[in-house]
Amino acid sequence: MRSIILLLSLLAIANPDGRKTTSLDGKWQVIVDPYESGFYDYRYKPSANGYFKDAKPKSKSDLIEYDFDRSGTLKVPGDWNTQSDQLFFYEGTIWYRKSFDYERRPNTRLFVYFGAANYFADVYLNGEKIGQHEGGFTPFNFEITKLVRDTGNSLIVKVDNKRRRDAVPTLMTDWWNYGGLTRHVKLVETPATFVHDYFIQLQKGSRNRVSGWVKLDGDKRSQKITVRIPEAGISKSFTTDDSGSAAIDFTADLKLWSPENPKLYDVAIEAETDQVRDQIGFRSIETKGTDILLNGRPIFLRGVCIHEEAPLRGGRAYSREDALTLLGWAKELGANFVRLAHYPHNEFIVREADRMGIMVWSEIPVYWTILWENPATFENARNQLTEMIERDKNRAAVVIWSVANETPLGDARLSFLKNLISHARSLDSTRLMSAAMERHYTDATTQMIDDPLGEYLDVLGCNEYVGWYDGLPEKADRLEWKSKYEKPLVMSEFGGDALYGHHGDPLTRWTEEYQENLYQHQLNMLKKIPFLRGTAPWILMDFRSPRRPLPGIQDYWNRKGLISNRGEKKKAFYVMQQYYREFNAEGVR
Ligand code: GCB
């Protein structure tokens, strides 16, 4: 069951007249349920009287074996693993309950919106199931207009983060499986017919033609709508058709968004029954031969990869403050680009990137060895791709959608990814498509990019660990890179682990000196690749990973950060910073 009504990005709604949002953040009562006995009966059949009923004994003889009121609490937003030592390694089900009163205004509709729940959510209001959602990193919502009561509502979410072979991501990843209601939860009250979604961007290849669409949802589908950009003197009206949609198309003289001038315009979408305001930047992004062109001019993506790991405190990042710290460090490094790995990050970081002038690569967790032949796995990946694009399609910062990371060659994988790429293009024809692909040695010193996926991408992405998993750092000096494709390459990962404060000679693993040396040799190699148009070292900050147990060094942290999880900069940070300083303001050497 997919959510039928899309409420867009909640951060878009700056206009409180027509819409009202109420936060459900804070403490929720929780029941930890490793056997899912609040969901299944002893025959492992779905139970009619599960915990979602939020029942209370009606008499002293009644048998009810749970009680939300007397159970513990967890903070929302927030992963459960870092809120309690007992839950640190927990993978399974936790039931969340929030009680609330709500007086809905007349002629309105009410939705409950979740920024993300990792991984699978079953949602109930007042004992009735209102929907379910799969995928841990994208928003979803359900309409509760008819079910909500003025007082005493019980909203219950069963969140299950058990890993599954057929899921996206699958069983094996190199990041922590933080479970829970990891992003904000809100009630959103809209007019009976409301602006359901819009796409307002420059048309591909143009720098002055805005085109897209607006969609209404509700009974009064056919309305006059006006798109206004006051600062640019734009006020254009359109009429939505019987299905509530209108195409929009107009020319405008706009200051274009770029890292040097991340200009955002106030944009208003005014229907007869609803109004939405957003801040939107306009820019073009294209490729020509091996160049990436931003607003028609070649640009080099001076990047860094980021996991959604909270700076300083650890756990899943979810806030604007987290985003400002991470992007602030990226800026200090000299970056004009971030790769948000390996799943869609929270909306704050994308919004802040828009404001700070940092280009974004955004991706879905089609990571390593997904079940390529399973139709349900494909549908799931496709849905996560849809939800990622739906949320962030109006952000100028986002220049690349990526569909996969280090996936193994094969026919089923190729057709899976081809289908994802064409789906993404059908939703958004304006951005560049990429993926971190496979590559191989044709001889001891030649790296060849010839993954058949390259044919379908605009930008080639490649992860390589020369000097870490692949030889010692000086191996990079001997390598030559070749590509079968006349397309730009972004080196989407490279690096090695170092524990901050651990010192030794440049050939001693885990030391800052080893990592520094590795970066020096890497950069010598990268500078020689003629079709290289971007770099995103792995990674900005250390992040938690169950695959990294080495005591005293890793302690379940992947230590490839240029910055430690406590915010300390390692020596390699300054090597990368120096390299980025060699570029001019437009990012070209
Ligand atoms: C990779 C993966 C990334 C890992 C990294 C590593 O190639 O894409 O998710 O964390 O290597 O540290 O091994």
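This report covers the ligand site, several paired strands and a few unusual backbone angles.

The model is predicted, so local features need pLDDT of at least 70 and side-chain atom pairs count only at pLDDT 80 or more, while totals for chains, interfaces and linings use all residues. Residues are numbered from 1 along each chain as its sequence is written, and side-chain values use heavy atoms, with hydrogens and water left out.

**The ligand site**

Start with the ligand. There are 14 residues around the ligand, and Asp174, His342, Tyr367, Glu406 and Tyr469 come nearest. Here a residue is near a molecule if one of its heavy atoms lies within 4 Å of it. This shell divides into 5 nonpolar, 4 polar and 5 charged residues. Asp, Glu, Lys and Arg count as charged; Ala, Val, Leu, Ile, Met, Phe, Trp, Tyr, Cys and Pro count as nonpolar; the others, Gly among them, count as polar.

Some side chains make polar contacts with the ligand. A polar contact is a pair of N or O atoms within 3.5 Å; within protein, one must be able to donate a hydrogen and the other to accept it, and residues adjacent in sequence count only if both atoms are side-chain atoms.

| Side chain | Distance to an oxygen atom of the ligand |
|---|---|
| Glutamate 406 | 2.2 Å |
| Glutamate 493 | 2.7 Å |
| Tryptophan 538 | 3.1 Å |

Taken alone, the ligand exposes 320 Å², and the protein buries 96% of that. Accessible areas come from the Shrake-Rupley method with a 1.4 Å probe; for residues, only the protein chains shown count as cover.

**Paired strands**

Now the strands. Strands (E, at least two residues) and helices (H or I, at least four) are DSSP runs, numbered from the N terminus. Two strands pair if DSSP finds at least two bridges between them. Strands of a sheet pair through backbone hydrogen bonds, either parallel or antiparallel.

Strand S2 (residues 26–32) has two antiparallel partners described here. With strand S3 (residues 72–76), S2 shares 5 bridges. Glutamine 29 faces threonine 73 in S3. With strand S4 (residues 93–100), S2 shares 4 bridges. Valine 30 has tyrosine 96 in S4 as its bridge partner.

Strands S13 (residues 224–229) and S14 (residues 234–239) run antiparallel and are joined by 6 bridges. Isoleucine 229 stands opposite isoleucine 234 in S14. Their hairpin has 4 residues between the strands, and glycine 233 takes a positive phi near 65° there.

An open sheet of 3 strands follows the order S18-S19-S20, with antiparallel pairing. S18 (285–288) and S20 (297–298) stand at the edges, each with a single partner strand, so one side of each is left without a neighbour in the sheet. S18 and S19 (residues 291–294) pair over 4 bridges. Threonine 287 has isoleucine 292 in S19 as its bridge partner.

**Unusual backbone angles**

Asparagine 295 has a positive phi near 50°, in a residue other than glycine. Asparagine 295 lies in the loop between S19 and S20.

Where do cis peptide bonds appear? One joins asparagine 118 and tyrosine 119, with omega about 15°. Tyrosine 119 is in the loop between strand S5 (108–114) and strand S6 (120–125). Another cis bond runs from tryptophan 538 to isoleucine 539, with omega near 15°. Isoleucine 539 is in the loop between strand S31 (532–535) and strand S32 (543–544). Tryptophan 538 also appears in the table, with a polar side-chain atom 3.1 Å from an oxygen atom of the ligand.
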